[in-house]
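Morning, everyone. I'd like to walk you through a structure that may be new to most of you, so let me put it up first.

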Amino acid sequence: MILDGKSPTGPIESTWDKHRFDMKLVNPANKRKYKILVVGTGLAGASAAASLGELGYNVEAFCYQDSPRRAHSIAAQGGINAAKNYPNDGDSIRRLFYDTVKGGDFRAREADVWRLAQVSNNIIDQCVAQGVPFARDYAGYLDNRSFGGAQVSRTFYARGQTGQQLLLGAYSALSRQIKLGTVKLFPRTEMLDLVLVEGEAKGITIRDLVTGEIRNHVGDAVVLCTGGYANVFDLSTMARGASVSANWVAYKKGAYFANPCYTQIHPTCIPQSGDYQSKLTLMSESLRNDGRCWVPKKHGDNRPPGEIPEEDRDYYLERKYPSFGNLAPRDIASRAAKEQCDDGRGVGPGGRGVYLDFADAIGRLGEDVIRERYGNLFEMYELITAENGYKVPMRIYPAPHYAMGGLWVDYNLMSNLPGLFVLGEANFSVHGANRLGASALMQGLADGYFVIPYTIAHYLAQTSLGMLKEDAPECKASVSEVNARIDRLLSIKGERTVAEFHRELGSLMWNNVGMARSEATLTEAIEKIPAIRAQFWENLRIPGNGAEINQQLENAGRVADFLEFAELFARDALHRKESCGGHFRVEYQTEDGEAMRDDENFCYSAAWGYRGVDQEPEMHKEPLKFENVELAVRSYK
Amino acid sequence: MSANSEHGTMTLKLIVWRQKGPNEPGRFETYLAKGITEHHSFLEMLDVVNQDLIKEGKEPIVFDHDCREGICGTCSQVINGLPHGGQVRTTVCQLHMRKFKDGDTIYIEPWKAKAFPVLKDLMVDRGALDKVIQAGGYTSARTGAAPDGNSILISKESADYAMDAAECIGCGACVAACPNGAAMLFTGAKVSQLAALPQGKVEAAERVNSMLNAMKECGFGNCTNHFECQAACPKGIDVKFIARLNREYLKALVF
Amino acid sequence: MSLLTSSVGRKVLMAVSGFFLLMFIVAHLAGNSTIFIGSDWLNAYAEHLHELGPFVWVFRAFMLAMLLIHILFGVILTLENWGANPGKYAVTKRLKVTFSSRTMIWTGLLLLSFIVYHLLQFTFRVTPEIVLAADEVGRFDVFTMVVSSLRIVAIAAIYIFAMVVLFLHTRHGIQSFLQTLGLSNDNLQPKYALAGKLISAVFLVGFGAIPVLIFTGILVK
């Protein structure tokens, strides 16, 4: 089936304004009659719940964490982009739009990206008004820094904790609505099913993670703000609790999953130190503003970094990409690091690492300036590695970080299931095949503060109120389905732990569906995943029961979904016979190892429809049209 | 014990608080953590112990954790009497086993405060902190109504001061460390952050009063200026923010 | 009235009343110091105070009010604090808490009992050992009264002990009231802590010297 993103037509500059006028409204007096279920309370979820509550809707917000403030948006470090052009360096909405489309390797919908760039400025204003302490210069004006993939300084930041500060801003707005009674919060609650009535999303089934109770919440629309799926690799920069589950149940209920193979591998993470490791720690790529990436020129050069003279060092990013240098986009920087390590010139244990060296910058600016800019990152590095980054170069290696793919949505952020809206990282919309640094925060808040408040009204004005009642057969069926799955998980009583299965899946995914993929590795993954899945359902051991706090049970549910999702992921990667952005197929590269897109055959988003766990999914295409940006080979040389 | 350890690894004796539920009595149980290296984080060490427990058919130790990079504020354990283990500016998840040596005995307990009831084992309910924020930890800025970000100039000094306060991760270590179970550092940090910025000044008086009321209703104690909170805070939040809260209270009272 | 009910309000009352009590201690120390110059000075000082007539009673009423406020809210806040902390950790380790800060309620209650004793002894003059006499110029002989009491070992010991308790109480109290009144920041706080220690030490030495010097027979006239 050919999907229609329903982008407004006409000059792109006025698409959003025109669309806002064309959409239907809900009468202020009627808003409180509509109940909206917002799942997830990160940047997208908290900002959406707060804004919808403020408009007068009756909102229920859910998160698996014990507080909305702990959603993983909090971990974003570097910053948030906006086209303010405060530094007067040539930025504009069009340039941010252009950079994002190009950065995404021409695999995103133009109109969505334009809207993102357009509202980016409002986000900064909104956050300042909330008391987000963005960095300021000595004159009191907002400060900017530059970030990978852009040649202008458009990134606003709050030390190395921008995500934290933006999330706390959204959380405070949400808290205000909770106090006012427009939003009801359900922490330590996990969504385990989506309830449809007449094909429209009207309810969810949740598990209370404290009491184990399974129950329904019904409403007039469901808004998923449930983040990304990078934990399919087990080891990633994500929070341990982050999962694909909410999206996956929506997919199994008929929502399309778009471009799952587009995952971002972040170049500046702390290398893995052992098998016991539970997560990979990211350090903001803003480090690449002042740090230089290098590896020894010679194979097997085991000298300590300080003893390797300049002429024996290969500053490979500066060599390969002279104009962007160390600020090359994430996918390119990650792949370049992998290339050096595959070539046997990696550093540190197992040779899986490259140096990120601040000696030059410290020499030029002094240690204090570097400390002021990145102090918390150096501290974090030292906590984990016991090495002092001011004295010896840091060692970094790429790690799975972000999911560009996600549930398919139209311009209104509504999935193909009416009433199901998907915001932030959970959807597939604006980043194409690769996301630029400091754009995730921008998207989450754009969707929550400035898009969903308008577009949800358009849907609500056309649906009938209260279509689903709590005692409806659809609700009962969903609860018993969820209960049945939990009982099944608990009754396996096998030998292996959830963590073991997750590790097994993760390592298969990293090796076969990671930074470099080939038909052979993907085919192998597609063969092996069902076997792990079968093992999981035969040999899993979960202690305890379902009527109490049971973290193993929670994880088991998430890993069970990853075990199904991984296959779709690999299938999408196998079908896309081109390299673009975060999706790199070794068969499709230029002579000097750059990604080779195939716009002739693959200039579309692939949205997959569910047909059963062991069935091949059905692919729907949404063709991508580029009328404002010329399709070009993405070059950062 | 050292004799049992493989080369380069540690064996540790853990004495862990186990409690079925909020109203159940708790007790200490002893476990061995084997094969631990200096690169294990504290939580990874507990993961190892939990894997062993599951294999033995026992219930693993329940503990809160999520981001494992020291920013979400979920992890919450009192290790040998100190919240987060007492390493300067470090959360449990960032505490590494190189701080311990082979054969060490480690006591692990949940946060203890009346406002933080234990849910299970090392997991407590910190919803009270959310209630304090809900009482007034915000500016009442409507979505979309904001003026340009540069229309209000804020001195670098004020922005930095606000950021120092805003770094709080809401983990509750200050409460756990406080002999009075008070949440003054947490509340003080939020009150100070917003009071230091022009956007937040407008509601400063109402904010400080309602947040103080919420603190009391939630069952937090009163500050007696021990400053144990600052020492325990994994983000190094300074007690100057408690003084600022006091100042804001007096301002609200007088003006 | 949030001063009486809110956590910080009550602490402000503690701080303000504590401040006046502290001022009283300073004045009292200054007055007592006349003893080091000689019996004549001390007796003259006492006589002078009594000549103030009704002002003495106004002053006494005010100090009593401060004392009652300080005690009342001290007890209420402490009971609340005990209630907010459900129990100790199996291993107790403290990074900043001092013996002085941890024992404020106990040093406070000890000081209260000392104040009662001290008033009964030298203000109401009803303790059994008390010597009531007039000096050479016909004034009440405070000096003789004090010296004869403090030469008794138990009484001297009580006074010295009380001054140690006072040291502990003001050592935390001085920096504490400055923090509670919001007069502190990261730069000033350590200075306050030091000032608290120094001022408390002055109290300890200044007040403590009196029983010590009297008991050891150095101060006789």
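I'll begin with how the chains sit together, then take chain B, a piece of chain A, and finally chain C.

Before anything else, please keep in mind that this is a predicted model.

So, which chains share the most contacts? There are 2 pairs of chains in contact, and chains A and B share the most. Chain A and chain C are another story: no contact joins them. The closest C-alpha atoms of chains A and C are 19 Å apart.

Okay, chain B. Its secondary structure comes to 9 helices and 7 strands. If you measure the C-alpha trace of chain B along its principal axes, you get about 70 × 40 × 35 Å. The chain has 255 residues, and 67% of them are buried. As for its outside, chain B has an accessible surface of about 8,400 Å², and carbon and sulfur atoms account for 51% of that.

What about charge on chain B? We have 28 positive side chains and 29 negative ones. The centres of those two sets lie 3 Å apart in chain B. Hold on to that number, since I'll give you its counterpart for chain C later.

Chain B is divided into two parts: domain 1 covers 3-120, and domain 2 covers 126-254. Where the two touch, 19 residues come from domain 1 of chain B and 21 residues from domain 2 of chain B. Their C-alpha centres, meanwhile, are 30 Å apart. And if you take the contacts in chain B with a separation of 6 or more, 70% of them are between residues 24 or more positions apart.

Let's zoom in on the start of chain B. Strand β1 of chain B runs over residues 10-19. Is that strand buried or exposed, mostly? Mostly covered, it turns out, as 9 of its 10 residues are buried.

Now look at what β1(B) pairs with. One partner is strand β2 of chain B, residues 26-36, which runs antiparallel to β1(B) and is joined to it by 9 bridges. The two strands β1(B) and β2(B) make a hairpin, with 6 residues between them. If you want a spot to click on, try Val16(B), whose bridge partner in β2(B) is Glu29(B).

Another partner of β1(B) is β5(B), and here the pairing is parallel, over 4 bridges. The residue to find there is Leu14(B), which has Ile106(B) as its bridge partner in β5(B).

While we're around β5(B), here's an oddity. Arg89(B) sits in the loop between β4 (82-83) and β5 (105-109) of chain B. It isn't a glycine, yet the phi of Arg89(B) is positive, near 50 degrees. Why point that out? Because most residues other than glycine have a negative phi. Arg89(B) has a relative accessibility of 31%, so it counts as partly exposed.

A quick stop in chain A. I'd like you to look at strand β11 of chain A, residues 263-269. Why call this strand largely enclosed by the rest of the structure? Because 7 of its 7 residues are buried. This strand, β11(A), pairs in the antiparallel sense with strand β15 of chain A, residues 394-403, over 5 bridges. Within that pairing, Ile265(A) stands opposite Pro400(A) of β15(A).

Last up, chain C. How many strands does chain C have? The count is 0, alongside 10 helices. Reading from the N terminus, then, the elements of chain C go α-α-α-α-α-α-α-α-α-α. The box filled by its C-alpha atoms is roughly 60 × 40 × 35 Å along the principal axes.

Chain C has 221 residues, and 44% count as buried. About 11,500 Å² of chain C is exposed, with carbon and sulfur atoms supplying 75% of it. And here's the counterpart I promised: chain C carries 15 positive and 9 negative side chains, and the centres of the two sets are 21 Å apart.

Chain C also has an arginine with a positive phi. Arg125(C) has a phi of about 55 degrees, and you'll find Arg125(C) in the loop between α7 (104-123) and α8 (142-150) of chain C. With 25% relative accessibility, Arg125(C) counts as partly exposed.

That's my tour. Happy to rotate things around if anyone wants another look.

Terms used:
Residues numbered from 1 in each chain as written. Chains lettered and ligands numbered in written order. Predicted model: local features only at pLDDT ≥ 70, side-chain atom pairs only at ≥ 80, totals over all residues. Heavy atoms only, no water. Contact = heavy atoms within 4.5 Å. Buried < 20%, exposed > 50% of the residue type's maximum accessible area, 1.4 Å probe, protein only. Areas by Shrake-Rupley, 256 points an atom, 1.4 Å probe, with all protein chains shown as cover. Lys, Arg positive; Asp, Glu negative; His and termini not counted. Charge placed at Lys NZ, Arg CZ, Asp CG, Glu CD. Pairing = 2+ DSSP bridges. Domains from an automatic or database assignment.
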